[in-house]
Amino acid sequence: MIRFLAILTTLTVVLSAQVLAQESSDFTDPPNENGQATENSTDAVQSDTASDTTSAQQTDAQPDAADPEPRQSEPSSETESADQTSAEQSDAEQEPASISPELRVEFEETLAIVGQPLSLRVTILVPTWMVDPVVFPSLEMPDVMVRLPERSTSPVSERVDGETWSGVTRHYRIIPLAPGTFTLPPQELVISWADPDTNAPREDRITMEGVEFAGTIPQGAEGLSPFIAAESLELTQEYTGPDAPLAAGDSVERKVTAKVTGTPPMVLPTLIPDEQIVGIAQYPNEPVLTEHEDRGELSGTRVETTTYLAQSGGEGGAPEISISWYNLSTEAVETATLEGRSLAVDAPIASTEPARTPQQTIGLVAMIGAALVLVVMTVVVGWQRYKRHRTARRARYLASEDYAKDQVLQAIKHRNYSEVSKALWLWSERSDGQSVMRDPQINSALITLGNARYGGGQESDAAAWQSLQKAVQHHAKQHGRVEKTDALPPLNPVG
């Protein structure tokens with residue numbers, strides 16, 4: 001108890017000394033150039049404080065002399081480091097952080113029966129407002145149908161860290177059209193919004209991570225082809241036209257309507273079979289599909305119309321229609337059926353051969369076209385060969401003895417003496433041993449022609465040309481006979 005009172009007394013003395021020192025500094029004259037007044041006052045206060053402290057320590061030491069003198073603890077380095085880290089964290093919290101749009105993806109169910117939709121929601125939030133509409137991805141991929149229901153895109157607002165953020169959300173309906181696992185790759189979104197500091201337009205691009213989902217076929221429905229899962233499926237039909245027997249030229253229109261609920265109508269197959277009917281020509285129209293959505297449930301109709309035209313006698317009819325489907329409510333396979341109708345024609349049978357189908361017609365046209373192409377190619381190739389043969393034959397003729405002989409006769413015909421001389425020399429070169437120029441009749445005719453033209457001979461010019469022509473023709477005949485005779489050995493060789 002005495003020790004506690006001594007410590008308390010010491011603290012009281014120290015605080016009193018500090019108060020007195022503060023008051024003394026306020027009322028003491030300003031220090032001189034050497035600062036003596038201030039030092040004296042401070043020394044006095046320190047002296048009093050030291051004496052009081054020593055007295056208190058001596059008093060406290062009397063009951064227990066073994067106790068050591070109490071010392072004032074100094075702050076450790078670890079405490080100073082912790083205080084510095086805390087200060088740095090406080091400064092960092094005060095610095096403004098970069099704000100970016102927030103992306104949220106909600107895809108709770110990832111497994112659906114083939115043809116049934118899965119719900120995917122993508123939400124974008126910003127602390128200010130949108131400058132332009134968000135550019136959302138289409139999410140299209142093979143064997144998957146993506147639909148946007150009514151009011152698929154709508155504005156939203158939420159509290160983020162105590163503040164109200166605004167944005168937009170988009171609802172996708174993802175419908176697997178085949179069984180198996182599908183992976184939607186990462187998609188990019190473009191957000192145009194107002195910067196929170198300047199309100200200036202700002203554009204950010206955010207990538208949505210890829211998601212996986214799967215389509216499955218319920219047990220017991222594996223054999224359905226095509227697979228159709230719906231809440232309901234109804235078939236109705238209407239006939240317009242006379243009843244059987246039909247006369248040649250009569251027509252009957254068949255209109256079949258399939259109404260489905262719980263799935264889009266695009267999953268429905270062809271309703272009216274394309275079957276050949278004897279004596280009947282068929283003219284189908286393009287199918288008409290109509291889709292509806294009521295509070296998120298898809299439904300629709302498929303309408304097909306075919307006109308049957310009676311052409312010749314026959315006992316055929318419109319075929320029966322049957323569609324098997326999986327009922328989502330009863331979880332069982334059911335079958336919708338429509339009866340057929342007789343289309344017998346009371347007329348002579350035109351032919352026992354079945355009418356040619358469009359595919360057969362296309363094939364026949366292709367065959368005829370191929371044959372025409374082959375004919376054209378044959379003609380072109382033959383013409384090219386003929387031209388090459390004709391050119392070669394012409395070249396052989398121009399290099400032959402017959403060509404030289406013909407040139408002589410042409411020059412005689414035109415009464416061209418100089419050309420006759422040139423042609424005779426060419427003929428002599430292409431004949432054996434220049435026999436042409438040694439022919440006495442040709443030489444005599446040339447002399448007569450020269451006298452008639454230049455020497456004033458008694459024979460006229462026309463008669464001289466005629467004599468030369470006869471001499472040339474005679475030589476040609478004789479030369480030809482010699483060649484033919486020399487071609488075979490003599491029958492009765494002598495010696």
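## Basis of the report

A salt bridge is a side-chain nitrogen of Lys or Arg within 4 Å of a carboxyl oxygen of Asp or Glu. By this criterion, E102, R104 and E158 are linked in a network of salt bridges, and the structure holds 10 salt bridges.

This is a predicted model, in which local features need pLDDT of at least 70 and side-chain atom pairs count only at pLDDT 80 or more, whereas totals for chains, interfaces and linings use all residues. Residues are numbered from 1 along each chain as its sequence is written, and side-chain values use heavy atoms, with hydrogens and water left out.

## Overall architecture

The protein has 8 helices and 21 strands; these are DSSP runs numbered from the N terminus (helices are H or I with at least four residues, strands E with at least two). Of its 495 residues, 30% count as buried. Buried means under 20% relative accessible area, exposed means over 50%, and partly exposed lies in between, with a 1.4 Å probe and protein chains only.

The exposed surface of the protein is about 32,600 Å², of which carbon and sulfur atoms supply 51%. Accessible areas come from the Shrake-Rupley method with a 1.4 Å probe, and for residues only the protein chains shown count as cover. Among contacts (heavy atoms within 4.5 Å) with a separation of 6 or more, 68% are between residues 24 or more positions apart.

## Salt bridges

Side chains of opposite charge can pair when their charged atoms come close. Within the network named above, E102 pairs with R104, the closest N and O atoms being 2.8 Å apart. E102 is partly exposed at 25% relative accessibility, and R104 is partly exposed at 26%.

Strand β16 takes part in two further pairs. E291 forms a salt bridge with R147, with the closest N and O atoms 2.3 Å apart. Because E291 lies in strand β16 and R147 in strand β5 (residues 144–147), this pair ties together parts that are 144 residues apart in sequence. E291 is partly exposed, with a relative accessible area of 32%, and R147 is partly exposed at 24%. E293 forms a salt bridge with R173, with the closest N and O atoms 3.5 Å apart. Here E293 lies in strand β16 and R173 in strand β7 (residues 163–176), so the pair ties together parts that are 120 residues apart in sequence. E293 counts as partly exposed at 22% relative accessibility, whereas R173 is buried at 13%.

## Strands β16 and β17

Strand β16 (residues 288–294) also contains L289, which is partly exposed with a relative accessible area of 40%. L289 joins L177 and M266 in a nonpolar surface patch of about 240 Å². Patches are made of residues with over 30% relative accessible area and no salt bridge; like charges are joined within 9 Å, and nonpolar side chains (Val, Leu, Ile, Met, Phe, Trp, Tyr) within 5 Å.

In strand β17 (residues 297–310) lies T306, which counts as buried at 5% relative accessibility. Leaving aside residues up to four places away in sequence, T306 touches V252, E253, R254, I272, Q282, Y283 and P284.

## Helix α6

Helix α6 (residues 417–430) has 14 residues, and its end C-alpha atoms are 20 Å apart, in agreement with the 20 Å expected at 1.5 Å a residue. The expected span is 1.5 Å times one less than the number of residues.

The buried residues of α6 are V420, A423, L424, W427 and S428. Seen down the axis of α6, these residues fall within an arc of 140°, so they line one face of the helix; the arc is that of the directions from the helix axis to the C-beta atoms. On the other side of α6, K422 and E429 are exposed.

## Backbone features in loops

Two cis peptide bonds are described here. The bond from S225 to P226 is cis, with omega near 0°, and P226 is found in the loop between β11 (211–216) and β12 (229–230). The bond from A244 to P245 is likewise cis, with omega near 0°; P245 is in the loop between β13 (232–240) and β14 (251–261).

Positive phi values also occur at non-glycine residues. D143 has a phi of about 60° and is found in the loop between β4 (130–135) and β5, where D143 is partly exposed at 49% relative accessibility. E331 has a phi of about 55° and lies in the loop between β19 (321–327) and β20 (332–338); E331 is exposed, with a relative accessible area of 60%.
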